[in-house]
Amino acid sequence: MRTRSLIVAAVCGVTILGWALGRGSEPAVAAHECPADVGVANGNAGVAAVQNGRLVGVAAATAQPSLPTNAVARQVATNGGGAAYVQDRLGSDAIVLSTPDGSRVLPQSGEAYHPTWSVHGAVAWGVDDRLVVRSAAGQRTIPGPEPGGIVFAPVFVGRDVVAAVSAAPTTAVPEDEWSDDFWLLRGARWHRLTAFAAGTDRWTAIRTPFLAADGSVEFVVVRGRGTEDRLPSFSLWRLRGMSVHRVMPLDGERYLAGYAGDGARLWNVPDRATETWLIQRDTPNGLRTVGCGAVAVDPMDVTDPDRTGHAASAPPARSSERVPPTDPGDPMEAALLIGDFPSQVAADVVAQQVTAAYAGSMPVDVVQGGKGSTIVQPDRWAVVVRLPATTDGNAELSALQATLPDYADHMWVVVP
Amino acid sequence: MRILRTRGRSVRAGALVVAAICASAIAHAAGLASASPIDIWVHDHSSDVIKPRPDGLSEIQSTFGPVCGDNANGARSYWPSQDSNGPGYVYYDPYIGKNVGGNIRGHVRFDHKDDAVRWLVGGYNCRYISGTTEWSLHAWGAAIDTNSATNPVGQDHWNGTGSDGKKYGTYLPDVWAGPYPGHKFFWGLNWPNKPDPMHFQYATGY
């Protein structure tokens, strides 16, 4: 009777957990080398980009002002012989307009984003929650449609401007991105174009819109969940008129970088091993590297000047710190926790499986969460495998997940 | 892949409960016993726990692995006032597991300062920095936000009001980022242009 019950329980648990659990595949990682002369290669591809802190691929005659100390160039847009880019500074940024006739540095009053050119030579960019449009008729600043929401990645579509707007933080998502949508600026009025799904966990981001030769706007949509430990999904979308639709899924992280002279799409693909943005173009045989550097994406090989304050002083100590700094204490031990279980008997059964997995070589306990517990919530139970003080538990976590895959999503490193 | 705090997690949690019920059907026959929890806080500021803090994207990636990577949320601890509904789990990379789950959480608990913590408290979060193609350090499980509702991005000071309405001064920033005993987190309030008082990260230069 006992044996038959154990088999039933095991089959039941494995079946249910096997259905409920699952492991994603790793995204493909690009590993190509940049061309020997990136400037020439980018120029041949028809794009300008930031590579190793320098603007490469622009026409030789285009004036380029030197970067101030602690400033970083990013987000380059070209128009014939001209280039516009963000001069990312400590504090408020600047927009640089470089043409064969000279260059102008336009200080901004906040974080600047993604300058873009119209076919008539006007330029638009985002500054915090505002859009700036500069043309022969002058310069105007238009408040964004959502107070506190960042206006970025604008694109001219005829006389109108389409811009992405990132929703302001909420109490549930107090920082970082959670909801982007496209808005159309026609005259002085904003019109919302998209309503992508987003919430406290599921999020949608719009990245790198470009005007295609047919007048549509193509862009990358990234969708993920904040709590998932895998890369989100990437897909190519198209905006035509007032409607959007998905063109195709993408096989990993990449962003649009514009179009080649023959209309082929150009992509920025991260090679994270070398902190390099590759520029690749669509070919019938897949993507082919034609250059390197960050076009509308953010360079990986430089630090945002606004996030370099690591030398700043720390706040004063408080008397609440009770242990003298010279006290070495006892070595801290991590543990693996499998849980949470609604009852002790359920945890006991899993503890038996865990003990068997280690062939009895590791101490395995069942613990109940109490009022002061820092590893299990009250009235829940968990299995704890105590580890030697010499490890942080990361390798042991992966090993136990591989041994007991049905429980893999319910295992954590804790400090009991 | 691990999914937390989602409908999917609820399904998975439900599956675990059902599995546990299946298991409990034979538990009495198995005649299993359980151990009592051990309730001792070990305080450790050695280099095995306060590990090297990466500087710059390259070191961040070599230390924490791929962004939104497997088990970047593989360590956890249970925090008071984690969200507006009360206590809950906070997840982060195991590289900082002992420092956060042992030292810092231990300090707060054994200093009897649980009430200094006020929602939202959050760790791992696979997201971009708004408007950029740069990933938040939360996407490596290398940053923790605490008392975020009262310490929003852009606020140039720390609001130490706890969940009980009392003022705790800079107790929490001291524990996370203070020089003594030195848990070595960098405090986002110290970013010069856009202070982020809720934010504590185990990295610099990013």
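Q: Hi! Which strands make up the open sheet with the order that starts at β11 of chain A, and what is their pairing?
A: The order is β11-β12-β13-β14 in chain A, and the pairing is antiparallel. Strands here are DSSP runs of E with at least two residues, and helices are runs of H or I with at least four, numbered from the N terminus. Two strands pair if DSSP finds at least two bridges between them.

Q: Before we go on, what kind of model is this, and how do the labels work?
A: This is a predicted model: local features need pLDDT of at least 70, side-chain atom pairs count only at pLDDT 80 or more, and totals for chains, interfaces and linings use all residues. Residues are numbered from 1 along each chain as its sequence is written, while chains are lettered from A and ligands numbered from 1 in the order in which they are written.

Q: Back to that sheet, which strands are at its edges?
A: Those are β11 (150-157) and β14 (189-192) of chain A, each pairing on one side only.

Q: And how many bridges hold β11(A) and β12(A) together?
A: Six bridges, in the antiparallel sense, with β12(A) covering residues 160-166. Val157(A) has Asp160(A) in β12(A) as its bridge partner.

Q: New topic: which helix gives the most to the largest nonpolar core?
A: First, the core itself has 163 residues, and Leu337(A) is among those with the most contacts inside it. A nonpolar core means buried Ala, Val, Leu, Ile, Met, Phe, Trp, Tyr and Cys residues joined through C-beta atoms within 7 Å. The helix is α3 (residues 344-357) of chain A, with seven residues.

Q: What does Leu337(A) touch, leaving aside its neighbours within four places in sequence?
A: Its contacts include Ile375(A), Ala382(A) and Trp412(A). In contact means that the C-beta atoms, placed from the backbone, lie within 7 Å.

Q: What about chain B, is helix α4 mostly buried or exposed?
A: In α4(B) (residues 97-110), 12 of the 14 residues are buried, so the helix is largely enclosed by the rest of the structure. Buried means 20 or more other C-beta atoms within 10 Å of a residue's own, exposed means 12 or fewer, and partly exposed is in between, with C-beta atoms placed from the backbone.

Q: What covers those buried residues?
A: The cover includes β26 (411-414) of chain A, together with β1 (75-83), β2 (86-92), β3 (143-145) and α5 (171-177) of chain B.

Q: Anything just after α4(B)?
A: There, His112(B) takes a positive phi of about 60 degrees.

Note on methods. Contact = placed C-beta atoms within 7 Å.
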